[in-house]
Amino acid sequence: MQKLIEIRWHGRGGQGVVTASRILAEAMLKEGKYFQAFPEYGPERMGAPVKAFNRVNDKPIRIHCGVTHPDLVIVIDPTLLGTIDVLEGMKEGGTLVANYDGSPKELRELLGFNTGKVFTLNASLISREVLGRVMANTPMLGGVCRAFDQISLKSASEALRAQFGEKLRPEIIEKNLTCLKRAYEEAQQG
Amino acid sequence: MGTVLGLNGNSAVAHAMRQVNPHVVAAYPITPQTDCVERFAEFVADGRVDTEFVTVESEHSAMSACVGAAAGGGRVMTATSANGLALMWEIVYIAASMRLPIVMMVANRALSGNINIHCDHSDTMGARDSGWIQLFSENAQEAYDNIIMAIKIAEDMSVRLPVMVTQDGFIISHALERMELLDDEEVQKFIGPYKERYPMLDLKNPVTYGPLDLFDYYFEHKWSQIDAVEHCLPIIQKGSDEFGELSGRNYELLESYKLDDAEFGVIALGSTCGTAKEAVDRMREAGKKVGLLKVRCFRPFPTEHIIKALSPLKGVAVLDRSSTFGGFGGPVFNEVRSALYDAPERPLVIDFLYGLGGRDIFMEDIEVAFQRIEGVVTKGRIDTHVDFLGLRE
């Protein structure tokens, strides 16, 4: 049995941070797990740093306080790296997944992070090439699937379809699924 | 069988309202209740309910429309938060006085000022003396379940009282969780068709609601209302038991968590109880004999149950998420200590105000409460009856 895993998302208002955490929750449902997804509600401003959170476990989750010591940190916006402390409170041996155009080694140097695991992927580039605009949240979900073995790419794809099914045109959904898959494949670990 | 899915507390309650399919919903949006009403409005627009949805210009009108529709003979629901509940105020009392079985979800939020949209219990605690039944919910599942039970309880012929079902604003209302919805037909079968009582629209049997009622009979009418509220605890439990048979989820007026052999207890309401259960488990692992008493039904206050649950303990720390400003501790502390006064054996009881305006409460905070009450018991004396948890100095 797996223990409780806590996840923190970093991004900026308007980048789909909350949506990404909801799709991840939906993927957790498809994996038969118990989960939570909740954003940090402050002043809502486009472009301001925002956070969202997930919890996942094989048994019911009872705690309802904020996540202060995440096992997994996901950074959707590369301009936050080195700007805010994305590693704050991270558990020992924790994992960082970041939208970053360099290698995990370079990111480790930038952040002074020598433990745990680091995954990097250029989610901005992937979304620009596939969707025609920068929307890094869905590629980042692909990165999460690579870094976090409890969520399969299949579950994440189904969750993405379920989330966007009524809102987006079929061809846009397919492009988002391509982003997800490419990100999964292109993510580098180090 | 039901459907397992991920919903936040607001959506869970919107689905409960859809499955209840009330005759009338009158509501005005206010954070953090808003997306519950939005979701329900979508169900109306999509033709998934038969409800007459009344979009009003204020909460005062929302509750007024609810009172009119319920007195007219309809099954009626609404939802609000904080300042919205405050604006309803006079009609909230009237709904209870007229014995109208309206069910209202309240997403708990601080009653300003300053402006704060986050959770505390100052809104519904203010309404504790309005004559409504109050059920608090620990998570989205409970909020959903409580709404369905509330319909059954409110409409029981010996109750006929409005019910407020609360959930902690944002913490539950906006947190997506795994939960289970019952089938639509199961819910309809459980609540049954609405039974009218003295409907105003029964033109062959005209009745008067809300007439002038002065010193000659007002007191007797209030007595009958007091009597009705005091006698509805067994019906609340009966409705909960029947719901347990249907859903497999069993609810009590109070939930005892690891209290049987405990020396020290914490009392709380709402989402904090989930966090407290984890704190209890962690302290139990460290050999501490601790437990939690969760108050699900705050009105009517289950005095006898409280005495039975707490009498054997050495010490109790009450967690109050609202202040009475100059009262002797928070509202839960008031009730609990008063209930224990005549008990032959009673624990030492202290109070902690916490979580105002959404200030987070962590397991470590709850452990502090336990440590403090243990210290009080060791000393055999209470120096500070009312203190604060999570307050910056």
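Biologist: I've got two chains in front of me. How much area is buried between chain B and chain A?

Modeller: About 1900 Å² is buried between chain B and chain A, and carbon and sulfur atoms give 57% of that area. Keep in mind that this is a predicted model.

Biologist: Okay, and how many residues does the contact take from chain B and from chain A?

Modeller: Chain B puts in 26 residues and chain A puts in 19 residues.

Biologist: How many residue pairs are in polar contact across the interface of chain B and chain A?

Modeller: The rule finds ten such pairs, counting those where both residues have pLDDT 80 or more. Now look at the side of chain B that touches chain A: the elements giving two or more residues to that side are β1 (3-7), β8 (176-181) and α10 (272-285) of chain B. With five residues, α10(B) gives the most to this side. Sort the residues on that side of chain B by type, and you get eleven nonpolar, eight polar and seven charged.

Biologist: You mentioned β8(B). Which strand of chain A is joined to β8(B)?

Modeller: That's strand β2 (residues 34-39) of chain A: two bridges join this strand to β8(B), and the two run antiparallel. To find one of the bridges on your screen, start at A:A37, whose bridge partner in β8(B) is B:L176.

Biologist: Let's do salt bridges. How do I spot one?

Modeller: Check the distance: a side-chain nitrogen of Lys or Arg has to be within 4 Å of a carboxyl oxygen of Asp or Glu. By that rule, the structure holds 39 salt bridges over all chains.

Biologist: How many salt bridges does the rule find across the interface of chain B and chain A?

Modeller: Two. One is formed by B:D281 and A:R62, with the closest N and O atoms 2.7 Å apart. A:R62 also forms a salt bridge with B:E278, and there the closest N and O atoms are 3.0 Å apart. B:E278 sits in helix α10 of chain B and A:R62 in the loop between β3 and β4 (72-75) of chain A, so this pair joins two chains.

Biologist: Is B:E278 buried or exposed?

Modeller: In between: B:E278 has a relative accessible area of 23%, so we call this residue partly exposed. The cut-off for buried is under 20%.

Biologist: What about a salt bridge inside one chain?

Modeller: Try B:R18 and B:D184, which form a salt bridge with their closest N and O atoms 3.0 Å apart. This pair links distant parts of the chain: B:R18 belongs to helix α1 (residues 9-20) of chain B and B:D184 to helix α7 (residues 184-191) of chain B, 166 residues apart. B:R18 counts as buried because its relative accessibility is 8%, while B:D184 is partly exposed at 33%.

Biologist: And one in chain A?

Modeller: The side chains of A:K51 and A:E40 meet in a salt bridge at 3.8 Å, N to O. The two are eleven residues apart, A:K51 in strand β3 (residues 49-57) of chain A and A:E40 in the loop between β2 and β3 of chain A. Both count as partly exposed, A:K51 with a relative accessible area of 26% and A:E40 with 43%. Chain A also has a network of salt bridges that links A:K3, A:E6, A:R55, A:D71 and A:K91.

Biologist: Which residues does A:K51 touch, leaving out those up to four places away in sequence?

Modeller: A:R8, A:W9, A:H10, A:V17, A:P39 and A:E40. Also, the C-alpha atoms of A:K51 and A:R12 are separated by 8.0 Å, though these residues are 39 residues apart along the chain.

Biologist: Last topic: how do I read the side chains along a strand?

Modeller: In a regular strand, side chains alternate between the two faces of the sheet. Take strand β4 (residues 76-80) of chain B, where five of the five residues are buried. B:V76, B:T78 and B:T80 point one way, and B:M77 and B:A79 point the other way.

Biologist: Which strands pair with β4(B)?

Modeller: Strand β2 (residues 24-27) of chain B pairs with β4(B) in the parallel sense over two bridges, and in one of these B:V24 is partnered with B:V76. Strand β5 (residues 103-108) of chain B also runs parallel to β4(B), joined by four bridges. There, B:M77 has B:V103 as its bridge partner.

Technical notes. Residues are numbered from 1 along each chain as its sequence is written. Chains are lettered from A and ligands numbered from 1 in the order in which they are written. This is a predicted model: local features need pLDDT of at least 70, side-chain atom pairs count only at pLDDT 80 or more; totals for chains, interfaces and linings use all residues. Side-chain values use heavy atoms; hydrogens and water are left out. Contact means heavy atoms within 4.5 Å. Buried area is the accessible area (1.4 Å probe) that two parts lose on being put together, summed over both. A polar contact is a pair of N or O atoms within 3.5 Å; within protein, one must be able to donate a hydrogen and the other to accept it, and residues adjacent in sequence count only if both atoms are side-chain atoms. Ala, Val, Leu, Ile, Met, Phe, Trp, Tyr, Cys and Pro count as nonpolar, Asp, Glu, Lys and Arg as charged, and the others, Gly among them, as polar. Two strands pair if DSSP finds at least two bridges between them. Buried means under 20% relative accessible area, exposed over 50%, partly exposed in between (1.4 Å probe, protein chains only).
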